[in-house]
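Reader: I should like to go through the terms applied to this model and hear the reasoning behind each one. Please begin with the way its parts are arranged.

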Amino acid sequence: MAVPLALLLPLATACGGDAAGGSSDGKTVTVTVGYQSKTINTVTAGTLLRSLGYFEEELATAGRKDGVTYEVVWQDYATGAPITAQMTAGKIDIGSMGDFPLLINAARGKQLKEPTRLVAVTGYNLRGGLNTVVTAPGSPLRTLKDLKGRKVSTSVGSAADGTLVRALRRAGIDPAKDVHKVNQQPSVGASALAAGSADALSQFVAWPGLLAFQGRATALYDGAELNLPTFHGVTVRERFAKERPQVLDAFLRAQRRATDELRTRPVASAESVAKATGLPAEVVYLYNGAHGIATFDPALRPELVAALKEDVPVLKEAGLVKDVDVDAFVDAAPLRRAVPGASYPKAVPAKAELWLEGQESTRTFDSPKALLTALKGARVRAAYVPDAVTGTLWFADRAVWVEDGGEWRAFVTREGAERYVSGHAGSRIVAYADAVGLAS
């Protein structure tokens, strides 16, 4: 794993905000940004944005008008919780995190009289496909019901934990009584799964895809089956936003530019994020590619705000928040001011995609069968295929393939494939290698 970028930074003497928003000696203003390099659904407000230097460029332009010099300190964390802790202490000005942590951010900010506001989205999936429950390869567990009485590692208070709770309930399992949840950081949970001290792992982007790519995990449950939106977003200290709106505007303009870069140059962006994080580019592309699991758009879409309201009761039941006024927390005005009229196309259905070795672009296919045909004899770097029901993109060689009357369908989980086969007489599950041979 790569060393967190924040550990490579020299300690700043003025690192963090004050009542005026951002540290300042009158001539130099230091802006501190908290991000999660390996939570690659936040790259347009973190890893990719930092590597492109767009925020610094926008601040340089603002500084010439203001007569001050702006400096940016980037602080890298594994989850959203420490970013919230630093924001409520006035030491981080702008942060990015997932939907459940955002709500905790709102609650803690209000409680500690350092209120925050949600001002933009980074990436989202309208069905919830950014979160996945995985098991170890060869595990006897096949469905969520098999988790009864088992140990499941997750990060309590994260979107992945919310997915786990909701999915277990739909399966008729009490998440508080019928399973033993172990609260762990993603990397610790991955190690626990490998060691056998956890039977399953429920985590957010990019951990499920990474473990599957490495052959260290098999998907048990695709979060998109919940059909509930999940997303990551940008939050800012309210006092900072009021006192230094020009800095927030610069950040949001820079984020928009980073989003444009990711959309127009997805392969190059994946390579850039991979270099900065130590994650395989193939995994980054699974989530952030042209047809990736995440759709990137800074807009605070109504569907996402509505989903945030549905998340509040889950966190209240877990005792993590008392209540959150979502309408007061969401503030679309800064984005409208900084990037007037900005809009992106809605998410489109994913297509099968092939990334060949030595290529700087990918090929798309209109059907899984066409992808299988192209795979035979090809020097494949990565191949991706959408789940036939949820649309969640997955690695073709890790998907479960079904042949039905000469047509081919792929599924993220074996349960999904078996569910399809049980309802379609004559269809059958076929191993990936055999599918490539038969379809060619």
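Author: In this predicted model, the C-alpha centres of domain 1 and domain 3 lie 34 Å apart. The chain is divided into domain 1 (28–124 + 230–338), domain 2 (131–226) and domain 3 (352–438).

Reader: How do you know that domain 1 and domain 3 are in contact?

Author: Contact requires heavy atoms within 4.5 Å. By that criterion, 11 residues of domain 1 are in contact with 13 residues of domain 3. The area buried between domain 1 and domain 3 is about 1100 Å², and carbon and sulfur atoms give 68% of it. Of the area that domain 1 buries against domain 3, Glu 282, Tyr 285 and Leu 286 supply 49%, more than any other three residues.

Reader: What makes the pairing of Arg 381 with Glu 282 a salt bridge?

Author: The closest N and O atoms of Arg 381 and Glu 282 are 3.0 Å apart, and the cut-off for a salt bridge is 4 Å. The pair therefore meets the distance criterion. Between domain 1 and domain 3 the count is 2 salt bridges.

Reader: What places the charged end of Arg 381 over the ring of Trp 355?

Author: The charged end of Arg 381 is 4.2 Å from the centre of the Trp 355 ring, where the limit is 6 Å. Another arginine, Arg 257, lies over the face of Tyr 54, at 3.9 Å from the ring centre.

Reader: How many aromatic pairs does a search of the whole structure find, and why is the pair of Phe 55 and Phe 251 called edge-to-face?

Author: The search finds 9 aromatic pairs. The ring centres of Phe 55 and Phe 251 are 5.1 Å apart and their planes stand at 85°; rings pair if their centres lie within 6.5 Å, and planes over 60 degrees apart count as edge-to-face, so the name follows. Phe 55 belongs to helix H2 (residues 54–66) and Phe 251 to helix H9 (residues 245–264), so that the pair links distant parts of the chain, 196 residues apart.

Reader: Why are Phe 55 and Phe 251 called buried?

Author: Buried means under 20% relative accessible area. Phe 55 has 0% and Phe 251 has 1%, so the term applies to each of them.

Reader: Why is the pair of Phe 213 and Phe 395 called tilted?

Author: The planes of Phe 213 and Phe 395 are at 40°, with 5.3 Å from centre to centre. Since stacked requires under 30 degrees and edge-to-face over 60, the angle of 40° makes this pair tilted. Phe 213 lies in helix H7 (residues 207–213) and Phe 395 in strand E16 (residues 393–395), so the pair ties together parts 182 residues apart in sequence. Ring pairs also link Phe 213, Tyr 285, Trp 355, Tyr 384, Trp 394 and Phe 395 into a cluster.

Reader: What makes Phe 213 partly exposed and Phe 395 buried?

Author: Phe 213 has 27% relative accessibility, which falls between the bounds of 20% and 50% and therefore counts as partly exposed. Phe 395, at 2%, counts as buried.

Reader: How do you know that Asn 41 is buried, and where is the place of Asn 41?

Author: Its relative accessible area is 0%, against a limit of 20%, so Asn 41 is buried. Asn 41 is placed in the loop between strand E2 (28–35) and helix H1 (47–52). Leaving aside neighbours within four places in sequence, Asn 41 has contacts including Thr 122, Tyr 124, Val 205, His 232 and Phe 296.

Technical notes. Residues are numbered from 1 along each chain as its sequence is written. This is a predicted model: local features need pLDDT of at least 70, side-chain atom pairs count only at pLDDT 80 or more; totals for chains, interfaces and linings use all residues. Side-chain values use heavy atoms; hydrogens and water are left out. Rings of Phe, Tyr and Trp (its six-membered ring) pair if their centres lie within 6.5 Å; planes under 30 degrees apart count as stacked, over 60 as edge-to-face and the rest as tilted. Helices (H or I, at least four residues) and strands (E, at least two) are DSSP runs, numbered from the N terminus. Buried means under 20% relative accessible area, exposed over 50%, partly exposed in between (1.4 Å probe, protein chains only). A charge sits over a ring if NZ of Lys or CZ of Arg is within 6 Å of the ring centre and within 35 degrees of the ring normal. Domain bounds come from an automatic or database domain assignment. Buried area is the accessible area (1.4 Å probe) that two parts lose on being put together, summed over both. A salt bridge is a side-chain nitrogen of Lys or Arg within 4 Å of a carboxyl oxygen of Asp or Glu.
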